[in-house]
There are 2 protein chains.
Amino acid sequence: MTFEEWSASSRKSVDARLQTRFDDAWPPKFREATLYPLQTGGKRIRPLFSLAAMDTLGCPQSADCVSVAASVELIHTYSLVHDDMPCMDDDDERRGKPSVHKRFDEPAALLVGDALLTEAFRILTTTGLSPTTQVRLVTELANGAGHVGMIGGQAADIGMGGPVTEIDALMRLHNGKTGALIRTSVRMGAITAGATDEELSRLTAYGDAIGLAFQMADDILDKDEDAGDDGPPSYVKLIGEEETRRRARQLLDEALSICDTFSGSQHLISLARFTVDRDY
Amino acid sequence: MTFEEWSASSRKSVDARLQTRFDDAWPPKFREATLYPLQTGGKRIRPLFSLAAMDTLGCPQSADCVSVAASVELIHTYSLVHDDMPCMDDDDERRGKPSVHKRFDEPAALLVGDALLTEAFRILTTTGLSPTTQVRLVTELANGAGHVGMIGGQAADIGMGGPVTEIDALMRLHNGKTGALIRTSVRMGAITAGATDEELSRLTAYGDAIGLAFQMADDILDKDEDAGDDGPPSYVKLIGEEETRRRARQLLDEALSICDTFSGSQHLISLARFTVDRDY
């Protein structure tokens, strides 16, 4: 199966799984509002990282695998909904459509984010995986999404982690804000597939490298939009475009060389290229 | 031990446990902001319900018990932080102190709520309880906090669950908004203590009754403040003070008669009286 076929079919499975979570137990209008940001065409990059890690370890794509992958998308989506709110980035659009607080209203957006975050943990306990694996996955997701991961990075991004004037601080920030959930996606895939400690540690290094490179690639793509807001600088602004490209390339190479230590890691390889090698 | 002694000592243990979660892994200012709403003097009612259920089943108050109890307080606190935000209730004060968005700012309040919610699940996986029990607790907490519980009730409260013009709809709303987390607190205590299905079912009925009565008691206390906002009516406004008192009393009696089926339920009894029988 080509990467395009595999990713299209995986994306479809994740979307179907997400859809089934929204049954009649939801207050009707709230159901609509919470489903809305899941239906505006995300690329499902993070679930693909989970599923590619499972695939690399020879784990067939079961319904449980898809549920695990869906849980990271629920976290990612909640973070976008809250980020778009007027008190944060104040973005009226997301993926070319009105953001949740514009399509509904601000209180709805706040609760939709809270509900998606809660549902991410709930879906993890609906699988038939062993209780030990389920507990590891909950821990992993809470670490990736929490103060040592994504929220810690977001807090640093709004200035609650000290000044960000040098590259180390910026890398720490993005290691949390963007990197942590990618790393977590890969690790959750590995844990679901029953990785050995040694396999998990290699895949973690892959996730760390791609997680960091991902934001660098984003900053290169957005280099012309990088102007005059209060937040921390972009990589391009801080170390220049050439050096950002060099670092992203180096991280990609690291990730690819880890992939070489696995047979059957073709989707992890394609995904690394797809997310980092976007315009160069 | 009297109820006063027991609840004071339990509260202290919960507070100490919450404090230890805030280590150096938090960005410094974010740590301060997230700890802040936990240190403004809450009564820790929900943890007390968990611990009283454990006590009723003869389970000694271990560090793991306290962690489970602390998890429901993290959920309750996050919901207050988000509720106070300008787009929701716009409350500048909470317990006589500036609310999080006033003491810090709105982006901080949003992230603090998200971090507390995430941490609630994280703390559950730090216990030495069996993986099976941990998974049950995560499921329980996600149900109580999620769309079938607290957030579902909050969504109904902001009009996303249809009109609330009759008593059944109002009870459904509060069953979610306030009741669910109290019910969950009791059930998590029971599960931690290794309750049989039959014991769990009796304690669930206790939690359901007290959860509903709790809001009625609140509405009676606040009856003079009940004027002119857009939300759903209070119980007092919808069915009158006398009928609200009658129903609260009936629910309390139900809960107390369930307590009578356990030996050693004195703290559950005191807690029921303390939370419902507040002014009459």
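Copies were superposed by least squares on the C-alpha atoms of residues with pLDDT of at least 70 in both. The structure is a predicted model, in which local features need pLDDT of at least 70 and side-chain atom pairs count only at pLDDT 80 or more, while totals for chains, interfaces and linings use all residues. Residues are numbered from 1 along each chain as its sequence is written, chains are lettered from A in the order in which they are written, and side-chain values use heavy atoms, with hydrogens and water left out.

Two copies of a chain are related by a rotation about an axis and a shift along it. Here a turn of 180° with a shift of 0.0 Å along the axis lays chain A on chain B, with an RMSD of 0.0 Å. The two copies are thus related as by a two-fold rotation axis. Pro131(A) is the residue of chain A that comes closest to this axis, its C-alpha lying at 2.6 Å.

Contact was taken as heavy atoms within 4.5 Å. Chain A and chain B each give 46 residues to the contact. Of the interface residues of chain A, 100% are also interface residues in chain B, so the copies meet through the same surface. About 4000 Å² is buried between the chains, 77% of it on carbon and sulfur atoms; buried area is the accessible area (1.4 Å probe) that two parts lose on being put together, summed over both. Leu111(A), His147(A) and Met160(A) supply 18% of the area that chain A buries against chain B, more than any other three residues. Zero salt bridges were found across the interface, a salt bridge being a side-chain nitrogen of Lys or Arg within 4 Å of a carboxyl oxygen of Asp or Glu.

Helices were taken as DSSP runs (H or I, at least four residues), numbered from the N terminus. Residues were classed by relative accessible area as buried (under 20%), exposed (over 50%) or partly exposed in between, with a 1.4 Å probe and protein chains only. In helix α1 of chain B, the buried residues are Phe3(B), Trp6(B), Ser7(B), Ser10(B), Val14(B), Arg17(B) and Leu18(B). Seen down the helix axis, these fall within an arc of 100°, so they line one face of α1(B); the arc is that of the directions from the axis to the C-beta atoms. The face turned away from the buried side carries the exposed residues Glu4(B), Lys12(B) and Thr20(B). The cover over the buried residues includes α3, α4, α6 and α13 of chain B.

Val72(A) lies in helix α4 (residues 63-84) of chain A and counts as buried, at 0% relative accessibility. Beyond its neighbours within four places in sequence, Val72(A) has contacts that include Arg46(A), Leu141(A) and Leu181(A). Val72(A) and Leu181(A) are 109 residues apart in sequence, with their C-alpha atoms 7.4 Å apart in space.

Conventions:
Helices (H or I, at least four residues) and strands (E, at least two) are DSSP runs, numbered from the N terminus.
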